[in-house]
Amino acid sequence: MSFATDSPVHSSSSDDFAALIDAELEVGSSGSSPDEQDNEEEEVDADSDDDDGDDEEDDSNDDLNDHRNKRCKTEKLDDLEGLQGSTSQGLIEEKLEVSLNKDTCSHPGSFGQMCILCGQRVDDESSVTFGYIHKGLRLGNDEIVRLRSTDMKNLLRHKKLYLVLDLDHTLLNSTQLNHLTAEEEYLKGQSDSLQDVSKGSLFMLEFMQMMTKLRPFVRTFLKEASEMFEMYIYTMGDRPYALEMAKLLDPKKEYFNGRVISRDDGTQKHQKGLDVVLGQDSAVVILDDTENAWTKHKDNLILMERYHFFASSCRQFGFDCKSLSQLKSDESEPDGALASILKILRQIHHIFFDELDSDLASRDVRQVLKTVRKEVLKNCKIVFSRVFPTKFQPENHLLWKMAEQLGATCSTETDSSVTHIVSMDAGTEKSRWAVKENKFLVHPRWIEAANFFWQKQPEENFPVSQTKNQ
């Protein structure tokens, strides 16, 4: 299984490393006949699909042992010419040099517990598994740093950053077929053909007993984002599901090219981390609907408004309302979440490459994110009225922190400089003051919407009603 790209310009560390590993496993001996080489390749393919861990490791080790003595032959450069100018070029040159003397090998990575360079057995617990690049591949910390640095330089030369994309509720929404309500049965007759998925958005995957709806604008989003970013999929779903969703989103393998990370590839349970992404943290933007999944990388995160197309999705998050499918409706293409976030991504990309004065390699996209976010509610002074529980420290509340991150100033007291009163009850003293003083009176959802869309929302769309017991 190879993820190597045709052009070094569009290649990444993960793609090139996959090609290198493939070459290591597939290069035949100089004395082998073409038939024997075909047999060897078939055996390797069979090994990669084998679920028996012990058999797989033994077969992989045998393959590596068979080829170990051929590592110094310069003919290998001819086999890997397609990688010249890409991230793995330095690794290939280093491999040929190091393999002359096993004692000097730094063991940058392993495959089946054997060093990918010298073939010696390696037991490095500090290394990180990159199974989505190639099954059984582990890389040491020094090699990860080296690959990230090399890939970063290549990406910056082409004015690109990294974009890590969540699947569920961010790019699409899926449900089990047996979870469809009676009001959603009509969807089965409206699903699109799997023969040409590039023209559809609603798919019935009967072999998985699942239906998937792509979020409106997603195809345009991916096409335009790919011009600014090298993109990864990162989902808490399992690997088979992740790969099937990638086929729907990227049928021609133009955007992700094997950079599909599932929960099976993570290093922490119930958490996502950039340790399995071959990109420097300072150049990574994340789109996800779940903030708690990225506890170590919140500064890289753009929190997405959840896409609830199916009724089961609403139930999952405790919403007692009709889903988009039940309403026979959908998000707007031009004004929906993905279209809005694409504008923000363009702005972030422009600031990073065209407006900052510092050296390109020292720039940090996390600082750009903070700068852009603080412009959203700039010049707004907010006072909250009965939004927080009694005796709760206001400055510790999520909404207070969110407003400040968006550039607003928050206060507990009213004065002439206050621009907005945020309340869920129009009958409170501060709410009545807002009406009297001609200040904006808005529901807390006004702040949440600004946070999702990275844009100040029309206040009239978030009215506050008076509670019945007032």
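**Entry 1: strands 13, 15 and 16**

Which residue in strand 16 does V422 stand opposite? I looked this up in the model, which is a predicted one. I found that V422 stands opposite V442 in strand 16. Strand 16 covers residues 440-442, and I noted three bridges that pair this strand with strand 15 in the parallel sense.

I then turned to the pairing of strand 15 with strand 13. Four bridges join these two strands, and they run parallel. As an example I recorded S385, whose bridge partner in strand 15 is S423.

Next I asked which residues of strand 15 are buried on each side. Strand 15 spans residues 420-423, and I found both of its faces covered. H420 and V422 are buried on one side, while I421 and S423 are buried on the other. I set beside this a general rule: side chains in a regular strand alternate between the two faces of the sheet.

**Entry 2: helix 12**

I looked up the buried residues of helix 12, which runs over residues 398-405. They are L399, W400, M402 and A403. Why do they line one face of the helix? Viewed down the axis of helix 12, the buried residues fall within an arc of 165°, so they line one face. The general background is that an α-helix has 3.6 residues a turn, so residues three or four places apart point the same way.

I also checked what covers these buried residues. The cover includes strand 13 (381-385), strand 14 (409-411) and helix 14 (445-453). After helix 12 comes G407, and I noted that its phi is positive, near 100°.

**Entry 3: a sheet of four strands**

I looked up the order of the strands in an open sheet of four and found 2-1-4-3, with antiparallel pairing. Which strands stand at the edges? They are strand 2 and strand 3; each has a single partner strand, so one side of each is left without a neighbour in the sheet.

I followed strand 3 to its partner. Two bridges join strand 3 to strand 4, and the two run antiparallel. In one of these positions, V128 has L139 in strand 4 as its bridge partner. I then noted that helix 6 (residues 141-157) lies across strand 3 and strand 4. Helix 6 runs at about 85° to strand 4.

**Entry 4: aromatic pairs**

How many aromatic pairs does a search of the whole structure find? The search finds nine. I examined the pair of Y132 and Y232, which is edge-to-face, with 6.4 Å centre to centre and 75° between the planes. Y132 lies in the loop between strand 3 (128-129) and strand 4 (137-139), and Y232 lies in strand 9 (residues 229-234), so the pair ties together parts that are 100 residues apart in sequence. Y132 and Y232 are both buried.

A further pair in my notes is Y307 with F309. Their ring centres are 6.2 Å apart and their planes stand at 35°, so I entered the pair as tilted. Y307 and F309 are likewise both buried.

I also recorded that ring pairs link F130, Y132 and Y232 into a cluster.

**Entry 5: charges over rings**

I returned to two of these rings to look for charged groups. The charged end of R259 sits over the ring of Y232, at 5.8 Å from the ring centre. The charged end of K213 sits over the ring of F309, at 5.2 Å from the ring centre.

**Entry 6: positive phi and a buried glycine**

I began from a general statement: most residues other than glycine have a negative phi. I then looked up Q113 and found a positive phi, near 65°. Q113 is placed in the loop between strand 1 (109-111) and strand 2 (114-115).

N257 also has a positive phi, near 45°. N257 is found in the loop between helix 8 (239-249) and strand 10 (260-261).

Are Q113 and N257 buried or partly exposed? Q113 is partly exposed, with a relative accessible area of 30%. N257 is buried, because its relative accessible area is 16% and the cut-off for buried is under 20%.

My last search concerned G119, which lies in the loop between strand 2 and strand 3. G119 is buried, with a relative accessible area of 2%. I also noted its distance from H107: the two are twelve residues apart in sequence and 9.0 Å apart in space, C-alpha to C-alpha.

Definitions and conventions
Residues numbered from 1 in each chain as written. Predicted model: local features only at pLDDT ≥ 70, side-chain atom pairs only at ≥ 80, totals over all residues. Heavy atoms only, no water. Phe/Tyr/Trp six-rings, centres within 6.5 Å; stacked < 30°, edge-to-face > 60°. Buried < 20%, exposed > 50% of the residue type's maximum accessible area, 1.4 Å probe, protein only. Lys NZ or Arg CZ within 6 Å of the ring centre and 35° of its normal. Arc of directions from axis to C-beta. Contact = heavy atoms within 4.5 Å. Pairing = 2+ DSSP bridges. Axes fitted to C-alpha atoms, helices over the stretch in contact; angles between N-to-C directions.
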